[in-house]
Every structure is written in structure tokens, then in C-alpha cells.
Amino acid sequence: MDRRHRYAAHLRSEGPHARQWIAEADSFIDAAVRFAETAHVDHGELSVEVMDCESGKQRCFVVNLETGDVGSC
């Protein structure tokens, strides 16, 4: 079983100054979905930038709040 990572995430439109920590996520996608679930938006799509705090790698995802679908930016 893979070790869980600590991630940081923010809305792409808000930039890194709005970053929130996502502790113990299983993957970049898991971190993006967890972040989207806490956003103060009820519908539509969110572009979420996610960074692995250990490796520094970053990825961007579009999370559809209505369907739960997740895709790359």
C-alpha cells in the first residue's frame, strides 16, 4: 500500500496565496476532490491546483461539482 501524502491546493483563479493544506490524501485527485468539497461554491466546475508538499510536483484538475467528474486542466 502506498504511503499517503500531504498536499496543498488552491483555486487556479485565486493563486497560491489562497492555498489550503490537505493532510493525508491518497493522490493528487483525492486532494483536489477534498479541496473542492470545502469550497464555497455549490455548482459548476472548479479549476484546482494541487501540489505534493514532499516532492513539490504540481498538477491541475477541473472538478465538476454537479457530477463529481475530475479531469486535467
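A student and a tutor discuss the cysteines and the core of this structure.

Tutor: This is a predicted model, where local features need pLDDT of at least 70, side-chain atom pairs count only at pLDDT 80 or more, and totals for chains, interfaces and linings use all residues. Residues are numbered from 1 along each chain as its sequence is written, and side-chain values use heavy atoms, with hydrogens and water left out.

Student: What makes C60 and C73 a disulfide?

Tutor: A disulfide is a pair of cysteine sulfur atoms within 2.5 Å. The sulfur atoms of C60 and C73 are 2.0 Å apart, so the pair fits the rule. The count comes to one disulfide.

Student: Why does the pair tie together parts that are 13 residues apart in sequence?

Tutor: Because C60 lies in strand β4 and C73 in the segment after β5 (70-72). Strands are DSSP runs of E, at least two residues; helices are runs of H or I, at least four; both are numbered from the N terminus.

Student: How do you know that C53 is in no disulfide?

Tutor: The nearest cysteine sulfur, that of C60, is 16 Å away.

Student: Why is C60 called buried?

Tutor: Buried means under 20% relative accessible area, exposed over 50%, partly exposed in between (1.4 Å probe, protein chains only). C60 has 14%, so C60 counts as buried. C73 has 44%, so C73 is partly exposed.

Student: What makes a nonpolar core?

Tutor: A set of buried Ala, Val, Leu, Ile, Met, Phe, Trp, Tyr and Cys residues joined through side-chain atoms within 4.5 Å. The largest here has 16 residues. Y7, I22, V48 and V50 have the most contacts inside it.
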